[in-house]
Amino acid sequence: MTTPALPPGPSPTPPTAASTPTLAPSLPNAPPTFPFPPIYAFPPFFTLQPSPTTLSSQLSSWSALIQSYCRHHRIFALTLVDALATPLFNNTSISRKLSLADARRVLNWMASAEGGHRAEWITTGKGGGEAGRCWVFWKRPEEWAAVLEEWVERTAQKGSVVTLYEISESDVTRREEFHGMDGELLSRSLGVCVKRGKAQIFGGEGSEGVKFF
Amino acid sequence: MFLNQLDLTTALRPSLLPEETLLFVQDAVGLYEGKLKIPQYQNGQAYLTSHRVCYVDHSEPRRNSVAIFLKDVERPEFYAGFLKSSPKITLYPKPSKQLTRGTAVATGNAANTPDGRGSPAPAAIPSVSATWVCPICSFSNPVPSNFDPATANARTPLPPCLACGIKPPLVHVVKAAISAMSNREASTLPPPYSAGPSTTTAAGSGNQAISGSGSISCPRCTFQNHPSLASCEMCGASLGSATDKRLDIAPEIGQAASPGPSLTGPLKDETIQSIKFSFRAGGEKIFFERLKNALVQRKWLLQSAPPIPKPRPASGSFEDGYSANTDAPVANPERSKVVGIAGLERRGLEQRKNNEAMIGSAFEDLEALMTSAKEIIALAEQFSSQANLGTNGSTEASALASQSASALGLVTTKDMLGSGSESLYVSELSRNLAEWLTDDTRGILRKEGGIVTLVDLWAVFNRARGGVELVSPADFEKAARMWDKLKLPVRLRQFKSGLLVVQGRDRTDEKTIASLLAWLKELHSSPTATTALWDVQTFGKGVTAQETAERFGWSVGVATEELEMAEEAGALCREQGLDGIRFWENWLVKMPFQSLPT
């Protein structure tokens, strides 16, 4: 059952066809409202269940919701504390919200093998402590690599050098899914391309270029 | 019909007749007809009640259970057992049923000729034969001819002692009358063992006879021997052999119990000469003792007896609680008719006087209380119901407790059971409990919504026992755990948290979940008082344990456990809110969100 009852008002806009491209995609209050699934309005959805079978179903629903939401708003990383206030975790219409601990559990589950490694906690600095910030892989780096290669193929840029800035910020890529991508994630994805032997990264810090073969 | 069909309760115990009380239970009992074992009646429980001896088979209780009415029993005979032969109690049917048979040929003539007896002491007329011995001066007085021990109560006029002029206690005369009656009946009806073509002196004085207390008098020296003795204690004359020769049915001493021959062919009621109960696990002594007492007491006579002869003519037509169940109130023609309030007041006054007299006489001494127990219990119940009306605080539990007096007859107590075997007590208690729970007139399970915690049940059960013969928690739990083994219609269930509850066997988890879900479905369309923020049409409503308890009549603890059970099964899910936990239909599983178009 995939989004059976979409609200009729805002048309379900696929993110790639966004008519009003956002300049600040990391902000969650992007104009086209995200069509929440019906289960988002089910109060027990915001209480993690004790029964194992129900819980796994609930967690996968949450995982799907978070990924869809992030894809819609082009969010590549979530800062947990800030995200709690957003509509993703806080359904004001039924005044239910997910608690910090439960949200952390959901993301932990997404990061686990069971959740398909759809999230990854970002460890900052050498301390390695959880900064409450995590990647949400609505596409995993391997998948991003494939998307980038496809884009290069499509736009006939094979052999030419593009900067990382060009990939993520330039007007050329505005209509692409990876527009506005976090630099760190981008270099990780490109790293996958390099490993596959499809690209080469050169240049210094801050001004890297990439050459696709 | 010597062997009667036995009705069993749901718990596979004999269902008792009105006013019948349970006296003794013994397990591992087998049945014999004459010398032959009755097949399929070889391992069961023997129940001795005030009216009957019942056999309930262990493996096929519904099919192979019989009852013998004590009123059909001529006499019991005790056989103590020898080497591998188990102790046995033989019950001989009343000979009136056997007059056509050869055993009665010896006496030959009609049943009511008293010529077989000839004991010189009492007079010839049976009604005057009873005497009571004055406890003061030990003079033997005749019991008045119109004295009926079955109907006698404290107000029955008794003549004073002829020698010293002191009135005898009622119970004294009742005892004398009863023992005289049992002697009389034993002799007026030709007993199969008496007056045969024996070579002993006269037909009368030489007879070995069973006296009221059950002992056998020696045919040679008339010494009263214990019934289990085979030969006279004084002169050594054989007691049993004489009986054997004439009857051919008495227990053969030294016969092996188990390898004995079995009865082939169907059991014909007409041909029954005696029924033997073989006690393979002991308990025969107490059983016999109580059997003898029951035969002497003749409670079954009381069953049809009119309750109380009213002392004053004006009180002849009371319609109060305890005389309402008499089937034949004596109409008193000369009773002055007073109508209106004066009549009501007068009736009340008379009734109070009557009660006062009854209580006064009943509590004079313990034995008098025993004789008029029936009336006193009725009175006590009436008082308790009045007291409940007055205080208006009749909760279910106290209502149950007030039924206790009538329930006393049902309880199994430890001293009712033979050989002190713990397992028999527990299994009897278990049956007892199951019976009590499934009794529709009490409806204990129904009132609690079909499920009750073991602790609550224990409390109510002990209250219903009226403060006597209380059951220890350990025994209670053991008894409850035996329900499964005994295949009784109730079961003990343990929740995840360890809470033990009792419920009907037909009530499964699936049924509980189905009824919960049906209720939650109803809530989809029900107009809720508060405007719900979510889509009630789709999701329905969450329910708390409290609401569930109210809806199904459960206790809150049980409701919580049932909801959690349903949650465990995946039918419900929970919502932890500020106002506690609410349970919902499990849309998390039924309506998951999976859409991730790539």
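How many salt bridges does the rule find across the interface of chain A and chain B? Just one, and it gets its own close-up below. Keep in mind that this is a predicted model.

**View 1. The salt bridge between chain A and chain B.** The pair to look for is Arg96(A) and Glu575(B). Their closest N and O atoms sit 2.4 Å apart, which means the pair falls inside the 4 Å cut-off for a salt bridge.

**View 2. The wider interface of chain A and chain B.** Here 29 residues of chain A meet 25 residues of chain B in contact. Together the two chains bury about 2400 Å², with 66% of that on carbon and sulfur atoms. The rule also picks out six residue pairs in polar contact across this interface, both partners at pLDDT 80 or more. On the chain A side, helix 1 (residues 52–72) gives the most, with 10 residues. Sort the chain A residues that touch chain B and you get 13 nonpolar, 14 polar and two charged.

**View 3. An open, three-stranded sheet in chain A.** The strands run in the order 6-8-7, with antiparallel pairing. Strand 6 (161–163) and strand 7 (199–202) of chain A are at the edges with a single partner strand each, so one side of each has no neighbour in the sheet. From one strand to the next, the twist averages 30°.

**View 4. Strands 7 and 8 of chain A, with a helix packed on the sheet.** Strand 7 and strand 8 (residues 209–212) of chain A pair in the antiparallel sense through four bridges. Ile201(A) stands opposite Val210(A) of strand 8. Helix 6 (residues 183–196) of chain A packs on the sheet and touches both strand 7 and strand 8. The direction of helix 6 makes about 125° with that of strand 7 of chain A.

Conventions: Residues numbered from 1 in each chain as written. Chains lettered and ligands numbered in written order. Predicted model: local features only at pLDDT ≥ 70, side-chain atom pairs only at ≥ 80, totals over all residues. Heavy atoms only, no water. Pairing = 2+ DSSP bridges. Helix = DSSP H or I, 4+ residues; strand = E, 2+ residues; numbered from the N terminus. Axes fitted to C-alpha atoms, helices over the stretch in contact; angles between N-to-C directions. Contact = heavy atoms within 4.5 Å. Buried area = accessible area lost by both parts, 1.4 Å probe. Salt bridge = Lys/Arg side-chain N within 4 Å of Asp/Glu carboxyl O. Polar contact = N/O pair within 3.5 Å; in protein donor to acceptor, adjacent residues only side chain to side chain. Nonpolar A, V, L, I, M, F, W, Y, C, P; charged D, E, K, R; others polar.
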